[in-house]
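Colleague: I've got a structure open on my screen and I'd like to learn how to read it. Can you walk me through some features?

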Amino acid sequence: TLLAELLESNMNAMLFQVRPLNDAFYDSNYAPWSRYLTGSEGTDPGWDVLSWMISECHAYGIEFHAWMNPYRVANIPSTTTKESYLNSLATNNFARINPDLVASENIESNNRIPLILNPGEPEVKQYIRNVVMEIITNYDVDGVHFDDYFYPYSGISSDTTTYNTYKVGDITIEDWRRENVNDVVRGIKEDIDAY
């Protein structure tokens, strides 16, 4: 019905979220199945959602664009610790495996604290590149889009050590953060172009 409505409205592409919270709407070697499919992170829904969506879109002549949040892990209740939340994730969740690569925002919003993969960590940058390459090599997507591919507006409270470890020269932490985002976007473009 949705695809028919898109055609009727003269739309030619669908952007479909395939990674809402460091999880996946497809069978992945890098992330667990999304909790939004079955109610439990890591539980196989029994079918390949992404493959089906792409097939249906293409049957209607509509492009399929994979939309993902590269850094977002969760918005946890302020009464929950980062450690306890990460331990509740599927055992193959990158954030659970690498809690030291997960940062939190400076502010609490609606009694919730956002957790993100730390964009300044080289392992996180490579992980995101691997995720994108896994999608484009295994699925016939027509585009890749990022949501929240930047640092939180409020900043993060736990990247000073990362900054001191990886900065080059006298770069400010603000410019260093911007360059980390540039690194990921630039690297992904290079990966896709090479592919």
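Modeller: Happy to. Let's begin with Asn10, which you'll find in the loop between α1 and β1. Keep in mind that this is a predicted model.

Colleague: What is the phi of Asn10, and is the residue buried or exposed?

Modeller: The general idea comes before the case. Most residues other than glycine have a negative phi. Asn10 isn't a glycine, yet its phi is positive, about 65 degrees. Asn10 has a relative accessible area of 71%, so it counts as exposed.

Colleague: And Asn22, where does that one sit, and is it buried or exposed?

Modeller: Asn22 is in the loop between β1 and α2. Its phi is positive too, about 55 degrees, although Asn22 is not a glycine. The relative accessible area of Asn22 is 0%, so this residue is buried.

Colleague: Which residues does Leu117 touch, if I skip those up to four places away in sequence?

Modeller: Asn22 is one of them, and the list also includes Pro70, Phe94, Val102 and Tyr127. Leu117 also takes us to the largest nonpolar core, which has 50 residues. Val18, Phe64 and Leu117 are the ones with the most contacts inside that core. Helix α6, residues 122-138, gives the most to it, with seven residues.

Colleague: Now the sheet. How do I read the strand order?

Modeller: In general, strands of a sheet pair through backbone hydrogen bonds, either parallel or antiparallel. Here you have an open sheet of three strands, ordered β1-β2-β6, and the pairing is parallel. The edge strands, β1 (13-19) and β6 (143-146), each pair on one side only. Going from one strand to the next, the twist averages 30 degrees.

Colleague: How many bridges join β2 to β6?

Modeller: Four bridges join them, with β2 covering residues 63-68. To find the pairing on screen, look for Met68, which stands opposite Phe146 in β6.

Colleague: What about a helix? Which residues of α3 are buried?

Modeller: With a helix, I'd ask which residues are buried and where they sit around the axis. In α3 the buried ones are Val49, Leu50, Met53, Ile54 and Cys57. They cover an arc of only 125 degrees around the axis, so they lie on the same side of α3. What covers these residues includes α1 (2-8), β1, α2 (35-38) and β2.

Colleague: What happens at the ends of α3?

Modeller: At the N-terminal end, Asp48 acts as the cap, with a side-chain oxygen 3.2 Å from the backbone nitrogen of Leu50. Just after α3, Gly61 takes a positive phi of about 75 degrees.

Colleague: Which residues does Cys57 touch, apart from those up to four places away in sequence?

Modeller: Cys57 touches Leu3, Met14, Ile62, Glu63 and Phe64. This cysteine lies in α3, residues 49-59, and its relative accessibility is 0%, so Cys57 counts as buried. For a sense of scale, the C-alpha atoms of Cys57 and Thr165 are separated by 45 Å, and the two residues are 108 apart along the chain.

Colleague: One last residue: where is Asp159, and what does its side chain contact?

Modeller: Asp159 is in the loop between β6 and α7 (160-166). Its relative accessibility is 0%, so Asp159 counts as buried. The side chain of Asp159 makes a polar contact with the side chain of Arg177, at 2.7 Å. Beyond four places in sequence, Asp159 is in contact with Asn118, Tyr151, Ile173, Trp176 and Arg177.

Definitions and conventions:
Residues numbered from 1 in each chain as written. Predicted model: local features only at pLDDT ≥ 70, side-chain atom pairs only at ≥ 80, totals over all residues. Heavy atoms only, no water. Core = buried A, V, L, I, M, F, W, Y, C linked by side-chain atoms within 4.5 Å. Buried < 20%, exposed > 50% of the residue type's maximum accessible area, 1.4 Å probe, protein only. Helix = DSSP H or I, 4+ residues; strand = E, 2+ residues; numbered from the N terminus. Contact = heavy atoms within 4.5 Å. Pairing = 2+ DSSP bridges. Axes fitted to C-alpha atoms, helices over the stretch in contact; angles between N-to-C directions. Arc of directions from axis to C-beta. Polar contact = N/O pair within 3.5 Å; in protein donor to acceptor, adjacent residues only side chain to side chain.
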